[in-house]
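Please walk through this model one selection at a time, starting from the whole chain and ending at single side chains. Keep the viewer open beside the text.

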Amino acid sequence: MAVQLRPTELQFHLNLGEVYATAGLREKALDKLDSALERFGQDARLKQARGRIEKRRSPVLPILGREHFLNRKLGKLRHRTMKRLEKNSH
């Protein structure tokens with residue numbers, strides 16, 4: 001209700017994402033935080049909250065470390081591709 005009454009209040013979006021995550025509604029929490037990121041831009045608090053909720057996929061190249069530049073670049077490409085595919089399927 002608070003988000004509906006004051007949609008420009010970032011803290012309300014953070015709170016709602018946390019409530020959804022605590023209730024076990026992980027996807028709903030991620031959706032709420034993603035829409036808040038679109039509304040408010042790349043706010044550090046939103047990105048941090050999303051990172052706490054998000055399950056990380058395994059590295060694209062498991063033989064290399066998660067922080068290796070190839071895994072980072074390929075992981076970002078995989079993420080963008082999956083987002084586009086998800087968007088196109090709806």
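Contact here means heavy atoms within 4.5 Å. With that cut-off, among contacts in the chain between residues at least 6 apart in sequence, 33% join residues at least 24 apart. The model is a predicted one.

**Whole chain**

Begin with everything shown as a cartoon. Five helices and zero strands make up the secondary structure of the chain, and the order along the sequence reads α-α-α-α-α. Show the C-alpha atoms alone and they fill a box of roughly 50 × 25 × 25 Å along the principal axes. Colour by accessibility next: 21% of the 90 residues count as buried.

**The nonpolar core**

Which residues make up the largest nonpolar core? Select Leu10, Leu14, Tyr20, Ala29, Leu30, Leu33, Ala36, Leu37, Leu46, Ala49 and Ile53, which are the 11 residues of that core. The elements that each give two or more residues to this core are α2 (10-22), α3 and α4 (44-53). Of these, α3 supplies the largest share, with five residues.

Now centre on Ile53. Setting aside neighbours within four places in sequence, Ile53 is in contact with Gly17, Ala21, Arg26, Ala29, Leu30 and Leu33.

**α2 against α4**

Two packed helices are described by the angle between their axes and the distance between the axes. How do the axes of α2 and α4 cross, and within what distance do they come? The two axes come within 11 Å and cross at roughly 5 degrees. An angle under 35 degrees counts as roughly parallel, so α2 is roughly parallel to α4.

To see the residues at this meeting, select Leu10, Gln11, Leu14, Gly17 and Ala21 on the α2 side. Their counterparts in α4 are Arg45, Leu46, Ala49 and Ile53.

**Lys32 and Asp31**

Move to helix α3 (residues 26-40) and pick Lys32. Which side chain of opposite charge is nearest to Lys32? That side chain is Asp31, at 9.8 Å, and Lys32 has no salt bridge although buried. Show the surroundings of Lys32, leaving out residues up to four places away in sequence, and the residues touched are Val3, His13, Leu16, Gly17 and Tyr20.

Asp31 also lies in helix α3. Is Asp31 buried or partly exposed? Its relative accessible area is 48%, so Asp31 counts as partly exposed. Draw a distance from the C-alpha of Asp31 to that of Gly17: the two residues are 14 apart in sequence and 8.4 Å apart in space.

**Salt bridges**

How many salt bridges does a search of the whole structure find? The search finds seven. Three of them are visited here.

Start with Asp34 and Arg50, where the closest N and O atoms are 2.4 Å apart. This pair links distant parts of the chain, with Asp34 in helix α3 and Arg50 in helix α4, 16 residues apart. Both Asp34 and Arg50 are buried.

Next select Arg26 and Glu27, a salt bridge whose closest N and O atoms are 2.8 Å apart. Arg26 has a relative accessibility of 26% and therefore counts as partly exposed. Glu27 is partly exposed as well, with a relative accessible area of 48%.

Then go to Arg72 and Glu67, whose side chains meet in a salt bridge at 3.3 Å, N to O. Arg72 is partly exposed, its relative accessible area being 39%, while Glu67 counts as exposed at 55%. Elsewhere, salt bridges that share partners join Asp34, Arg50, Glu54 and Lys83 into one network. Select those four residues together to view it.

**The loop between α3 and α4**

The last stop is Gln42. Where is Gln42 placed? Gln42 sits in the loop between α3 and α4. A relative accessible area of 59% makes Gln42 exposed, because the cut-off for exposed is over 50%. Not counting residues up to four places away in sequence, Gln42 touches Leu37 and Lys47. Of these two contacts, Leu37 was already selected as one of the residues of the largest nonpolar core.

Notes:
Residues numbered from 1 in each chain as written. Predicted model: local features only at pLDDT ≥ 70, side-chain atom pairs only at ≥ 80, totals over all residues. Heavy atoms only, no water. Helix = DSSP H or I, 4+ residues; strand = E, 2+ residues; numbered from the N terminus. Buried < 20%, exposed > 50% of the residue type's maximum accessible area, 1.4 Å probe, protein only. Lys, Arg positive; Asp, Glu negative; His and termini not counted. Core = buried A, V, L, I, M, F, W, Y, C linked by side-chain atoms within 4.5 Å. Axes fitted to C-alpha atoms, helices over the stretch in contact; angles between N-to-C directions. Parallel < 35°, antiparallel > 145°, perpendicular 65-115°, else oblique.
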